[in-house]
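Student: I should like to learn how one reads a protein model, beginning with the whole chain and then turning to its parts. May we go through one together?

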Amino acid sequence: MEANIHFPDPSKVREELIQKYPAKVAKKRAKSIIVNDPQIIPEVQANVRTVPGIITQRGCSYAGCKGVVLGPTRDIVNIVHGPIGCSFYAWLTRRNQTRTESLMDANYIPYCFSTDMQEENVVFGGEKKLKVAIQEAYDLFHPKSIAIFSTCPVGLIGDDVHAASKEMREKFGDCNVFGFSCEGYRGVSQSAGHHIANNGVFKHMVGRDNTPSVGKYKLNLLGEYNIGGDAFEIERIFEKCGITLVASFSGNSTVSQIENAHTADLNVILCHRSINYMGDMMETKYGIPWMKVNFVGAESTAKSLRKIAEYFGDEELKARVEEVIAEEAPKVQAVIDEIMPRTKGKTAMLFVGGSRAHHYQDLFAELGMTTVAAGYEFAHRDDYEGRHVLPSIKIDADSKNIEELKVVADPELYNPRKTEAELEALKEKGLEINGYEGMMKQMTKKSLVVDDLSHYESEKLIEIYKPDIFCAGIKEKYVVQKMGIPLKQLHSYDYGGPYTGFEGAVNFYKDIDRMVNNPVWKLIKAPWEKAGNGAGLSASYVTQ
Amino acid sequence: MLLRHTSKEVKEREGLTINPAKTCQPIGAMYAALGIHGCLPHSHGSQGCCSYHRSTLTRHYKEPVMAATSSFTEGASVFGGQANLLAAIETIFSVYEPDIIAVHSTCLSETIGDDLQQITRKAKDDGKVPEGKYVIFASTPSFIGSHVTGYANMVTGIATQFAVSTGVKKNQHNIIAGWMEPSDMREIKRLSKELGVKIVLFPDTSDVLDAPQTGKHVFYPKGGTTVAELQSAGDSLSSLALGSISAEPAAIALEKSCKVPFETLDIPIGLTATDRFIMALSKVVGVAVPDEITAERGRLVDVMADMEQYLYGKRVALFGDPDQLLPLTEFLLDLNMKPVHIVSGTPGQRFEKQMRKLLEARSPETNFRNGLQADMFLLHQWMKNEPVDLLIGNTYGKYMARDEDVPFIRFGFPILDRIGHSYFPNVGYSGSLRLLEKILNAIMDRQDRDALEEKFELVM
């Protein structure tokens, strides 16, 4: 849609964003600042190193591996092998909610486990301490699984977390112990850690339990982390539709669900960036196709449900999905009708994550708001331009360091759920089977796309565009709000949510309405600071 | 139950830390550097360190926390981080224009052996540091000590790299702030002013991490100790270090480099610690304590006396950092309360000895442990064995408090789920009165909640 929004000349904006940088930095940044054209989709430089000294939103590989992908599974004891900080900072801060069936069920999410590596461990090696820690965790909790996460010094001093894990796994017999080489320096952002996590979960968890799952329409939900209860809302909708969720990667999940995931007939992917590897690997090994969906936004949810029904090709399911949509949609529409007059025509900027900056544009569109600029924190070119660019992405030194698992069809368990012809027919119908169109196709012409936005660029963009709302994370939250612009956190949801599905959409509309129309933004200036309000005038009462 | 796997039976652990009562050095260094005016903290390591520290400090203060990173990749980890740091210094001065870059190391750069002194000197020699600007550094390996150690190391770096002795003494005294909140630093300045003592307080995060909403983001807020003040610290008549773990190392360094004599005191939390602070201040300037301060003290003692029945014998578990725990424990004892369990992840014999000495005299049966495996898991187990009436500690304590149904007061770092700590002090007589009010409210709200209908009191 071509909105009635006045866009500043985008090429001038680009000039302004980079003019203060040293020449080499400016040249590099220019390639990541792109004026969008959904028809031709220009190339965006992404997943490259951040220039040292630039204030970036990005985190590290460990954060992507332990924090994002493994964190939400409740019954794994996640031991961080390293100095205390890494485990401390990832302790409960991502708001992965989880709901056990009873008080007896395992839930280690509120716990923080670390080997608290000391100087002597760095000098003489930390493997011994790690094994002691694993033994102590086993003795204390008898968990189904223990996962080990390597932090920066571990890789440098050469501790072999995989060998230590194997040794302990074999010793215990009834506890699956496995490690991740997700040192913070690997790759250029969290993204490397997602890939490492996918590899580890695929190697050590998926396929361990071949018990056939029960249900007519069985799928796995990939790239959903149950922040603020997002997964609960999707689970509610699936249940209503009669869709069986075999496993979630990894919001509100358990070890046994993931071990049994390969018995599902479809993988639906929400966050393409963090989990697409898993989709590919499961397709190759087990013959389960994956499909890109989006449960952020009421319309997107409806669309995604219809796609799932189309995939299973079952009239009963299709009818049930329509019933559910018909039941849910009016409640959503009522809220839109009430709020829209207050939000229509307003503008948003989204600089966050590896899929959220795309998905949340749907919710803003449902409120009549336009996204004038957007970008990811740690995505790759395919998340911007679509998966068709994958063959043309250059593999650089940083991505080469991340292992690509060699996956082949399982001699016994490979079972293509659909034939090639069936998949082609589904693609014809608009289903993103093993595909993703990316963010830019959906954004307006002349909107700005910036990868790995720096602090400096964000302040400039706000000055130039004066958006009504800015979406990013905790580090940006109060910087932007100090400028008098509300910032919606799209990692933590400002401790609200859920934002998925129908109920989530309603939550989001209300939050955005509250934020952009909050009276506080008009109260920033004191009366005496406002022009013509008598500041500095002579006193009303004087003694003379 | 949130912490449903925490059992009553305490087993000694040697490898596993569970629910730590500490974090790592660099975040303390970042916090300290924010207390210098015009300073951009810089994390020499992977991006994740900087991101995690900024996030945690931001959640604690609900304020912008600006800091840069050397953005190590695998290459830098193998070949050393010098190129990254030099490039970072150049980029930072041209884009973010600070007066000072305060570099701290991380476990990564320490493990590969990057020498910050050498690299920052090279930056200067290569002309990457503009005239009149500074790059200072502190070594803060995450595998030694805790966040408190990192704070102390950066404050020491600030003291030694700025303070100069001109040979002409200035009529002023240094107050080296241990790890405290902006509100506490503001209160220290107010009390010093009341006493007529001219001080250089460093670091000073007031007007940095409690900045007003003005509709503009001020990258370098108006607060923070200035370079001129820091340089003059070498000519001060004396230093008062508030906190033997977080502040004293800087005072020792300053005595060594500039011959400024020092005295170490507790952070003035509670009545007795504030008494010592006020006495020390009045002594250095040789003036009598003003009546207003004596009256402030009197108001605190008045409440202690009037409300003593609600405090007597109440059993308290507390966790946190050494320089806060010492005066807090002393305050609880002055209030006739019973500190039953005390835990701090920060290691150190000095702290251990001080705490044992305090407890030996007034509460020898208290469980106390610090250092490795002195974590919240252990504290929680102790609480299950010997229950308490009140828990005091950082936000993570709320999980134990809910499970054990114990009143909880947020105190220390980090506080992620409430505001107030940056605005209302815990130091001085007024700050202690606020803390006492919180303690009383927690206990009395609980009494109201649990009272039988016929025992429900109107007047308390």
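Student: What is the radius of gyration of chain B, and what would a compact globule with 460 residues have?

Tutor: Please note that this is a predicted model. One compares the value with that of a globule of the given length: with 460 residues, a compact globule would have a radius of gyration near 23 Å, and chain B has 23 Å, which agrees. The C-alpha atoms of the chain fill a box of roughly 80 × 55 × 45 Å along the principal axes. Buried residues make up 58% of chain B.

Student: How many helices and strands does the secondary structure of chain B come to?

Tutor: Chain B has 18 helices and 14 strands.

Student: In which order do the strands of the open sheet of five strands lie?

Tutor: A sheet is read from one edge to the other. Here the order is 12-11-10-13-14 in chain B, with parallel pairing. Strand 12 (367-370) and strand 14 (408-410) are the edge strands, each pairing on one side only. On average, neighbouring strands of this sheet are turned by 15° against each other, direction ignored.

Student: Which helices pack on the sheet?

Tutor: Among them is helix 14 (residues 322-334) of chain B, which touches strand 10 and strand 11 (338-344) and whose direction makes about 175° with that of strand 11. Another is helix 15 (residues 349-362) of chain B, touching strand 11 and strand 12; its direction makes about 170° with that of strand 12.

Student: Over how many bridges do strand 10 and strand 13 of chain B pair?

Tutor: Strand 10 (residues 315-319) and strand 13 (residues 390-393) pair in the parallel sense over three bridges. In strand 13, Ile392(B) is the bridge partner of Leu318(B).

Methods. Residues are numbered from 1 along each chain as its sequence is written. Chains are lettered from A and ligands numbered from 1 in the order in which they are written. This is a predicted model: local features need pLDDT of at least 70, side-chain atom pairs count only at pLDDT 80 or more; totals for chains, interfaces and linings use all residues. Two strands pair if DSSP finds at least two bridges between them. Helices (H or I, at least four residues) and strands (E, at least two) are DSSP runs, numbered from the N terminus. Axes are lines fitted to C-alpha atoms, for helices over the stretch in contact, and angles run from 0 to 180 degrees between N-to-C directions. Two residues are in contact if their C-beta atoms, placed from the backbone, lie within 7 Å. The radius of gyration is taken over C-alpha atoms; the globule rule is 2.2 Å times the number of residues to the power 0.38. A residue is buried if 20 or more other C-beta atoms lie within 10 Å of its own, exposed if 12 or fewer, and partly exposed in between; C-beta atoms are placed from the backbone.
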